[in-house]
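Me: Please take a close look at the salt bridging in this model. I should then like the account to continue from there to the surrounding helices, strands and side-chain packing, with the computed values stated.

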Amino acid sequence: MVLNEELLDLKRAIYEEYRPMITIIVAQKRHQTRLFLENESDGAASRNVPPGTVVDTKIVDPFHFGFYLRSHYGLLGTSKPCHYFVFYDDHNFSSDQLQKLIYHLCFTSA
């Protein structure tokens, strides 16, 4: 749906005078995935993975560009990472570049 309809509508709306490169990323928070430390002695008392933790192998789809990012510190309970799906990328970002960009964007609210 995103690629079939919204991307085409976006291109139709802006490509008449201006042709920017487009990257479409969808963030999913409603999932049941939790990340845990391999050794409990590695973390703080909350036993959550530290902020900035990225998982882009083993538990993600190997055929699509996606990853889990834990961007903030969790004080209570087991914190859920955000699952990011990259649907379209004109910029040809490497996985490291895109993960770093998204992590930094998590801290740019007004």
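Reply: In this predicted model, a search of the whole structure finds one salt bridge. The partners are Asp9 and Arg12, whose closest N and O atoms are 2.9 Å apart. The pair qualifies because a separation of 2.9 Å falls within the 4 Å limit set for a side-chain nitrogen and a carboxyl oxygen. Both residues belong to helix H1 (residues 2-14), and because they are three residues apart there, about one helical turn separates them. The two partners fall into separate accessibility classes: Asp9 is partly exposed, because its relative accessibility of 43% lies between the 20% and 50% limits. Arg12, by contrast, counts as exposed because its 56% is over 50%.

Helix H1 also carries Leu7. With a relative accessibility of 5%, Leu7 counts as buried. The C-alpha atoms of Leu7 and Thr23 are 9.8 Å apart, although 16 residues separate the two in sequence.

The setting of this helix is a chain of two helices and four strands. Read from the N terminus, the order of elements is α-β-β-β-β-α. Of the 110 residues, 29% count as buried. The exposed area of the chain is about 8100 Å², of which carbon and sulfur atoms supply 54%. Among contacts between residues at least 6 apart in sequence, 58% join residues at least 24 apart.

The other helix, H2, spans residues 95-105, and two polar residues within it can be set side by side. Asp96 lies in H2 and counts as exposed, because its relative accessibility of 56% is over 50%. Gln99 is also placed in H2, yet it counts as buried, because its 7% is under 20%. Both residues can be related to Asp56. The C-alpha atoms of Asp96 and Asp56 are separated by 9.9 Å, with their positions 40 residues apart along the chain. Gln99 has a direct link to Asp56, a polar contact of 3.0 Å between the two side chains. Residues up to four places away in sequence being left out, Gln99 touches Val54, Asp56, Phe67 and Leu69.

Phe67 and Leu69, both among the contacts of Gln99, are also members of the largest nonpolar core. Seven residues make up this core: Phe67, Leu69, Cys82, Tyr84, Val86, Leu98 and Ile102. Two or more of its residues come from each of strand S3 (66-70), strand S4 (82-89) and H2. S4 provides the largest share, three residues. Another core, of six residues, lies apart from it and includes Leu35, Leu37, Val49 and Val55. In soluble globular proteins, nonpolar side chains tend to be buried together.

Leu98, one of the residues of the largest core, is in contact with Ile25, Phe65, Val86 and Phe93, once its neighbours within four places in sequence are set aside. Two of the aromatic residues already named also pair with each other. Four aromatic pairs are counted in the model. One of them joins Phe65 and Phe67, with 6.4 Å between ring centres and 45° between the planes. The pair is classed as tilted because 45° lies between the 30 and 60 degree limits. Phe65 is partly exposed at 27% relative accessibility, whereas Phe67 is buried at 0%. Phe65, Phe67 and Tyr84 form one aromatic cluster. Within that cluster, Phe67 and Tyr84 are also residues of the largest nonpolar core.

A backbone feature remains to be noted in the loop between S4 and H2, where Asn92 is placed. Asn92 is not a glycine, yet its phi is positive, at about 55°. Most residues other than glycine have a negative phi. Asn92 counts as exposed because its relative accessibility of 63% is over 50%.

To return to the request, the single salt bridge is the one between Asp9 and Arg12, placed in helix H1. For H2, the polar link described here is the contact of Gln99 with Asp56, made by a residue that is buried.

Conventions:
Residues numbered from 1 in each chain as written. Predicted model: local features only at pLDDT ≥ 70, side-chain atom pairs only at ≥ 80, totals over all residues. Heavy atoms only, no water. Buried < 20%, exposed > 50% of the residue type's maximum accessible area, 1.4 Å probe, protein only. Core = buried A, V, L, I, M, F, W, Y, C linked by side-chain atoms within 4.5 Å. Contact = heavy atoms within 4.5 Å. Polar contact = N/O pair within 3.5 Å; in protein donor to acceptor, adjacent residues only side chain to side chain. Phe/Tyr/Trp six-rings, centres within 6.5 Å; stacked < 30°, edge-to-face > 60°. Areas by Shrake-Rupley, 256 points an atom, 1.4 Å probe, with all protein chains shown as cover.
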